[in-house]
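Please open the structure in your viewer and keep the selection tool at hand. The stops below say what to select next and what is to be found there.

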Amino acid sequence: MAQKVRKALIPAAGYGTRFLPATKALPKEMLPVVDKPVIQYIVEDAVSAGAEDIIIVTGWFKKALEDHFDYPFELETRLLEAGKTKELESIRKIADIADFFYLRQRGPLGNGTPVLNAKDLIGDEPFFLLSADDIFEATPTRCQQLVEVYEKYNAPVIATQRKNEPEDYKRYGFVEGEEVEPGIIKVTKIVEKPGPGKTTSQMAVVFSGIFTPDLFQALQEARTEFDASGRKDEFVIWEGVNKLLAQGKTLYAKEIQNGKYYDCGSKLEYMKANIELGLKDQELGQGLTEYLKNLKV
């Protein structure tokens with residue numbers, strides 16, 4: 001029986017240079033989509049599938065993340081005195097949603113480093129690994145779909161989306177392997193940004209999944225090789241994952257169904273997220289729909 005997934009790890013130490021100057025003083029994870037910062041969508045996704053502890057790997061300029069999930073006593077007092085109970089309830093939910101832990105990233109750039117940094121906080125438990133940039137609006141939620149596969153096969157699982165445009169092969173890694181049931185692949189290899197024509201796979205990896213603690217040893221071995229090589233590129237998690245696959249370990253890939261993926265690390269995708277989620281918003285949807293119908297550019 002698979003061990004319950006109680007912890008979620010969210011790397012959030014990036015500089016957000018694509019969004020400068022907006023991110024000069026504001027972490028990119030705090031950029032709002034409608035009325036919530038991007039990272040709150042990620043946390044809510046994890047909590048929907050049973051996560052209780054949220055571990056966020058940050059940098060020196062990310063204090064706003066900690067403040068967002070904290071208890072703002074002065075703000076709560078002012079809202080209470082003003083009788084703004086709806087607003088008060090909304091901010092209290094943020095702090096109560098889970099237990100939060102923060103640590104600073106140490107080591108080279110890349111998404112493999114924060115995973116190693118969090119080794120002691122994860123311990124010997126399985127964990128969600130979620131990008132702080134990626135919003136999935138799906139039913140069931142992205143993390144609920146991952147848990148279903150993890151529990152069924154008692155093995156790690158990563159999230160994928162179907163992509164087949166030439167540019168996609170320059171932006172994403174792709175999984176190769178055997179489809180064991182519709183939308184679920186038993187992975188043999190992950191090819192990082194292969195370029196057009198270099199793989200027949202259409203299953204693009206989006207940086208999220210459920211992993212087990214054996215990933216840490218594989219990542220440490222990959223990191224040792226990375227340091228010794230003198231490479232100047234980024235140290236990515238898939239180097240450790242491919243080591244596990246080479247050792248005969250099992251990994252599945254799940255195509256996330258019934259939803260939409262927004263890469264909020266891209267300015268265009270971020271704008272799409274605001275528009276599309278704004279259209280679904282009960283308070284804003286009708287007015288925004290009318291505005292867009294009459295918009296003349």
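## Aromatic pairs

Begin by selecting F207 and W238, both of which are buried; keep in mind throughout that the model is a predicted one. The ring centres of F207 and W238 lie 6.5 Å apart and the planes stand at 80 degrees, so this pair is edge-to-face. The pair joins distant parts of the chain, since F207 belongs to strand 11 (residues 203–211) and W238 to helix 10 (residues 237–246), with their positions 31 residues apart in sequence.

A search of the whole structure finds 11 aromatic pairs, and a second one to select is F19 with Y270, an edge-to-face pair with 5.6 Å from centre to centre and 85 degrees between the planes. Here too distant parts of the chain are linked: F19 sits in the loop between strand 1 (7–11) and strand 2 (32–33), while Y270 is in helix 11 (residues 267–280), and the two are 251 residues apart. F19 counts as buried because its relative accessibility is 8%, and Y270, with a relative accessible area of 10%, is buried as well.

Next, show Y15, W60 and F61 together, which ring pairs link into a cluster. Then turn to Y41, where the charged end of K36 sits over the ring, 4.3 Å from the ring centre.

## Along helix 11

Stay with Y270 and extend the selection to the whole of helix 11, which has 14 residues and reaches 20 Å from its first C-alpha to its last, close to the 20 Å expected at 1.5 Å a residue. Which residues of helix 11 are buried? They are E269, Y270, A273, L277 and G278. Because these residues cover an arc of only 165 degrees around the axis, they lie on the same side of helix 11. As a general point, an α-helix has 3.6 residues a turn, so residues three or four places apart point the same way. To see what the buried residues of helix 11 pack against, display strand 2, helix 1 (38–48), strand 7 (134–138), strand 13 (259–263) and helix 12 (285–294).

## Salt bridges

The structure holds 22 salt bridges, and a good one to select now is that between the side chains of E125 and K7, at 3.5 Å from N to O. E125 lies in the loop between helix 6 (119–122) and strand 6 (127–130), and K7 lies in strand 1, so this pair ties together parts of the chain that are 118 residues apart in sequence. Both E125 and K7 are buried.

Move on to K62 and E29, whose side chains meet in a salt bridge of 2.7 Å, N to O. This pair, too, links distant parts of the chain, with K62 in the loop between strand 4 (53–58) and helix 2 (63–68), E29 in the loop between strand 1 and strand 2, and 33 residues separating them. Both K62 and E29 are buried.

Now select E225 and K243, which form a salt bridge with the closest N and O atoms 2.9 Å apart. E225 is in helix 9 (residues 214–229) and K243 in helix 10, so far as the sequence goes 18 residues apart. Is E225 buried, exposed or partly exposed? It counts as partly exposed, because its relative accessibility is 48%. To finish with the charged groups, select K4, R6, K7, E52, D53 and E125, which salt bridges with shared partners join into one network.

## Two residues and their neighbours

Return to helix 9 and pick out R223, which is found there. With a relative accessible area of 17%, R223 is buried, because buried means under 20%. Leaving aside residues up to four places away in sequence, R223 touches G107, P108, L116 and F235.

The last stop is P11, found in strand 1 and counted as buried because its relative accessibility is 15%. Which residues does P11 touch, not counting residues up to four places away in sequence? The contacts are V57, P114, L129, L130, A132 and F207, and with F207 the tour comes back to the edge-to-face pair with W238. Finally, add T113 to the view: P11 and T113 are 102 residues apart in sequence, and their C-alpha atoms are 9.0 Å apart in space.

Technical notes: Residues are numbered from 1 along each chain as its sequence is written. This is a predicted model: local features need pLDDT of at least 70, side-chain atom pairs count only at pLDDT 80 or more; totals for chains, interfaces and linings use all residues. Side-chain values use heavy atoms; hydrogens and water are left out. Rings of Phe, Tyr and Trp (its six-membered ring) pair if their centres lie within 6.5 Å; planes under 30 degrees apart count as stacked, over 60 as edge-to-face and the rest as tilted. Helices (H or I, at least four residues) and strands (E, at least two) are DSSP runs, numbered from the N terminus. Buried means under 20% relative accessible area, exposed over 50%, partly exposed in between (1.4 Å probe, protein chains only). A charge sits over a ring if NZ of Lys or CZ of Arg is within 6 Å of the ring centre and within 35 degrees of the ring normal. A salt bridge is a side-chain nitrogen of Lys or Arg within 4 Å of a carboxyl oxygen of Asp or Glu. Contact means heavy atoms within 4.5 Å. The expected span of a helix is 1.5 Å times one less than its number of residues. The arc is that of the directions from the helix axis to the C-beta atoms.
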